[in-house]
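Colleague: Before I rely on the descriptions attached to this model, I would like to hear the reasoning behind them. Could you take me through the labels one by one?

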Amino acid sequence: MVSPTADMTPLHPDRNLALELVRATEAAAIRAVPFVGRGDKLAADGAAVDAMRAFFSTVDFDGTIVIGEGEKDEAPMLYNGEKVGSGRGPQCDVAVDPIDGTTLTAAGRQNALSVIAVSDAGTMLDASTVFYMDKLVTGPAGVGVVDIRLPIGENIRLLAEALGKPVEEIVVSVLNRPRHESLIEEIRAAGAGTRLMSDGDVAGGINAARHNARTDMCVGVGGSPEGIVTACAIKALGGHIQGRLRPGSDDERQKGIDAGLRFDDFVYEADDLVKGKNTIFVATGVTDGQLVGGVRREGGLLYTESVVIRGASGTLRWISSEHLTSKWL
């Protein structure tokens, strides 16, 4: 029998924490809306950061930001190493991106998200010293089948076979960057189609891992922080993710080595990126996208769409919310 005075505080992130964190991504997304399509990505990001940080203080958990807006001197709020939450509750590693897709937001384009990922304390890889990571993401069919060390054409053929469909029906998401020109050519030469993303490879990775999604694979070099965030969701979805760090200079490489990171084509598997299964991924749409719809206003109401993915239960929940506009103005 449990004593009525016993401490019932959960030791690990649970479903209640997951649902509480939605409030923070909703707030960040709503505060960013006045800047959608206005051409000022810094103002949009600043508004989202302020809103997310304010809501963190109301959530009962003891979080440390492993992946944030940067070093303390450059990012006065939500910086790497900052403590967030009330200090009561489970101890957690936290990755935040108040707006994944600030350029998308500023331009009024699709797929901008407000994102939080959480795992048990000490389980999230801190890759903040190296900005870029080469990533490969698929759904469950790719587990033990595809490998980032193989040529992309071979991975496409292997995945098509595992999915039981022709190569011509495989669709691969890639960030539309000059560095990916040859990769895009190889994908098309293998017979697959491409979905080119202007930004937002977190959504691209998750969409590739979801059941019955419109894409089958997400590949290419994007942000390392986004890779860790994506891994929290992919593990919960039972999907496949691998990454290789890509330093942009000798100095960045040395900083990574000093931080304990590995290079020379070392492949970070899912459990290297985030240990264990107790992960939480929460995202709210800023602008419309394939994963969730963006914030919209109708009269005196604001509507938001969010997704919550929990590793412990392997569940994906969609949350649609109505907010009184008067509470936000």
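Colleague: What makes Cys218 a buried residue?

Modeller: The model is a predicted one, and in it Cys218 has a relative accessible area of 7%; because the cut-off for buried is under 20%, Cys218 is called buried.

Colleague: How do you know that Cys218 is not bonded to Cys232?

Modeller: A disulfide requires two cysteine sulfur atoms within 2.5 Å, whereas the sulfur of Cys218 lies 16 Å from that of Cys232, the closest cysteine sulfur, and is therefore too far away for a bond. Cys232 is likewise in no disulfide, the nearest cysteine sulfur to it being that of Cys92, 11 Å away. The count for the structure is zero disulfides.

Colleague: Is Cys232 buried or exposed?

Modeller: Cys232 has 0% relative accessibility, and therefore counts as buried.

Colleague: What is said of the sheet, and why are E7 and E9 called its edges?

Modeller: The sheet is open and is formed by five strands in the order E7-E6-E8-E5-E9, with mixed pairing. Strand E7 (193-197) and strand E9 (240-245) each have a single partner strand, so each has one side without a neighbour in the sheet, and that is why they are said to stand at the edges. From one strand to the next, the twist averages 15 degrees.

Colleague: How do you know that E6 and E8 are paired, and in which sense?

Modeller: Pairing asks for at least two bridges, and three bridges join strand E6 (residues 171-175) to strand E8 (residues 217-223), the two running parallel. Within this pair, Val174 stands opposite Val219 in E8. E5 and E9, by contrast, pair in the antiparallel sense over six bridges, and there Val137 has Ile241 in E9 as its bridge partner.

Colleague: Which helices lie on the sheet, and at what angles?

Modeller: Helix H4 (residues 152-163) lies across strand E5 (132-138), E6 and E8, and runs at about 140 degrees to E8. Helix H5 (residues 181-189) also packs on the sheet, where it touches E6, E7 and E8, and its direction makes about 150 degrees with that of E7.

Colleague: What makes Ser173 and Val219 buried residues, and what do they touch?

Modeller: Ser173, which is found in strand E6, has 3% relative accessibility and therefore counts as buried. Leaving aside residues up to four places away in sequence, Ser173 touches Arg195, Met197, Thr215, Met217, Cys218 and Val219. Val219, placed in strand E8, is buried because its relative accessible area is 7%. With residues up to four places away in sequence again left out, the contacts of Val219 include Lys135, Leu136, Ile152, Leu183 and Ile187.

Colleague: Why is E9 described as largely enclosed?

Modeller: Six of the six residues of E9 are buried, so the strand is largely enclosed by the rest of the structure. His240, Gln242 and Arg244 point one way from E9, while Ile241, Gly243 and Leu245 point the other way, and all of them are buried.

Colleague: How do you know that the length of H2 agrees with what is expected of a helix?

Modeller: Helix H2 (residues 41-56) has 16 residues, which at 1.5 Å a residue should span 22 Å, and because its end C-alpha atoms are 22 Å apart, the two values agree. Among the buried residues of H2 are Ala44, Ala48, Met52 and Phe56.

Colleague: Why is Asp40 called a cap of H2?

Modeller: A side-chain oxygen of Asp40 lies 3.4 Å from the backbone nitrogen of Leu42, and a polar contact needs such atoms within 3.5 Å, so Asp40 is said to cap the N-terminal end of H2.

Colleague: What sets Asn111 and Asp264 apart in backbone and exposure?

Modeller: Phi of Asn111 is near 80 degrees, a positive value in a residue other than glycine, and Asn111 sits in the loop between helix H3 (102-107) and strand E4 (113-120). Its relative accessible area of 21% is the reason that Asn111 is called partly exposed. Asp264 also has a positive phi, near 55 degrees, and is placed in the loop between helix H8 (250-258) and helix H9 (270-273). With a relative accessible area of 65%, against a cut-off of over 50%, Asp264 is therefore called exposed.

Notes: Residues are numbered from 1 along each chain as its sequence is written. This is a predicted model: local features need pLDDT of at least 70, side-chain atom pairs count only at pLDDT 80 or more; totals for chains, interfaces and linings use all residues. Side-chain values use heavy atoms; hydrogens and water are left out. Helices (H or I, at least four residues) and strands (E, at least two) are DSSP runs, numbered from the N terminus. Axes are lines fitted to C-alpha atoms, for helices over the stretch in contact, and angles run from 0 to 180 degrees between N-to-C directions. Contact means heavy atoms within 4.5 Å. The expected span of a helix is 1.5 Å times one less than its number of residues. Buried means under 20% relative accessible area, exposed over 50%, partly exposed in between (1.4 Å probe, protein chains only). A polar contact is a pair of N or O atoms within 3.5 Å; within protein, one must be able to donate a hydrogen and the other to accept it, and residues adjacent in sequence count only if both atoms are side-chain atoms.
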